[in-house]
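Colleague: I am new to this structure and would like to ask how its descriptions are justified. Could we look at the structure together and go through them?

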Amino acid sequence: MSRVVTRKSATEIAKMRRAGRLVAEVLALVDAELRPGITTGELDALAERHIRSNGGIPSFKGYLGAGRYGRGPRAFPGSLCISIDEEVVHGIPGDRRIEDGQLVSVDAGAIVDGWHGDAARTFVVGRVPEDAQRLVDATRLALLAGIAAARPGAWIGDISAAVQEVADEAGLGIVRQYVGHGIGTDMHQDPQVPNFRSGARGLRIEPGLCLAIEPMFTLGSHEVETRGDGWTVATRDGSPAAHFEHTIAVTESGPEILTTAPAPVDRVARV
């Protein structure tokens, strides 16, 4: 992870916008194909084909990880992180088949001309219990609240407070071990962006700052553990989890979401 906080120029943000659009397309394709019976490996292959055929490189494939952003005994083998139900992040795609009634969290990343885009969404497959739907809806709203708080002159702590407020109102747990982050020519850069009030204001937000904001909420405790594969992070109490993420750029007029794309409806990822 880069320890230097960088402000990107308009030209650099334009490059990040290309990567972000590719990530948005990947999540839209997953949305179109996700159904009971499909395997997580099939979704991963779909994502990798789309990224590479459009001149990108999957950010996650071969990633070794570091610190609070993930750490495994081996390089991550997939192009997507696919985490199901109580799994929070970093689920490894493979032969597992999607079932009706599951929450499926998909994290996608792409590099285009050396610049990263990173986004995630929790999908609801079929019918789920009311509290699981409430979890997904609140996590999505927390992402939007965090983005709205990322305005010039505010502080990173304002983003954290906005995210936590949504979780508190909904009575949800906030995963604390994994946080949002700066992004640019490295997928993970400073500053860290906690999803909870840390007691510090953190960095002052200025135009040119690019962030990946990513709330992770649970229906139970905030405590998580890493499973035996060295990557998959799950809630310790087995409660369902949800994860939403966008890459944004802070402009003079406010935050711009980079991980969206003006494309036909079947290729546009909804937040």
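Colleague: Which residue in strand 10 is the bridge partner of Gly-173?

Modeller: The bridge partner of Gly-173 in strand 10 is Thr-218. Please keep in mind that this is a predicted model, in which local features need pLDDT of at least 70 and side-chain atom pairs count only at pLDDT 80 or more, while totals for chains, interfaces and linings use all residues. Residues are numbered from 1 along each chain as its sequence is written, and side-chain values use heavy atoms, with hydrogens and water left out.

Colleague: What makes strand 6 and strand 10 a pair?

Modeller: Two strands pair if DSSP finds at least two bridges between them, and two bridges join strand 6 to strand 10 (residues 216–218), which run antiparallel. Strands themselves are DSSP runs of E with at least two residues, and helices are runs of H or I with at least four, both numbered from the N terminus. Strands 6, 10 and 13 form an open antiparallel sheet in the order 6-10-13, and strand 6 (173–174) and strand 13 (241–243) are its edge strands, since each pairs on one side only.

Colleague: How do you know that strand 5 is largely enclosed by the rest of the structure?

Modeller: A residue is buried when its relative accessible area is under 20%, exposed when over 50% and partly exposed in between, with a 1.4 Å probe and protein chains only. Nine of the 10 residues of strand 5 (residues 115–124) are buried, so the strand is largely enclosed. Strand 5 is also joined to strand 4 by 10 bridges, and the two run antiparallel, with Ala-108 opposite Ala-119 in strand 5.

Colleague: How do you know that the length of helix 3 agrees with its number of residues?

Modeller: The expected span is 1.5 Å times one less than the number of residues; the 19 residues of helix 3 (residues 130–148) should therefore span 27 Å, and the end C-alpha atoms are 27 Å apart, which agrees.

Colleague: What makes a set of residues a nonpolar core, and which members touch the most others in the largest one?

Modeller: A nonpolar core is a set of buried Ala, Val, Leu, Ile, Met, Phe, Trp, Tyr and Cys residues joined through side-chain atoms within 4.5 Å. The largest has 32 residues, of which Ile-156, Ile-159, Ile-205, Leu-211, Ile-213 and Phe-217 touch the most other members. Helix 3 gives the largest share of this core, seven residues.
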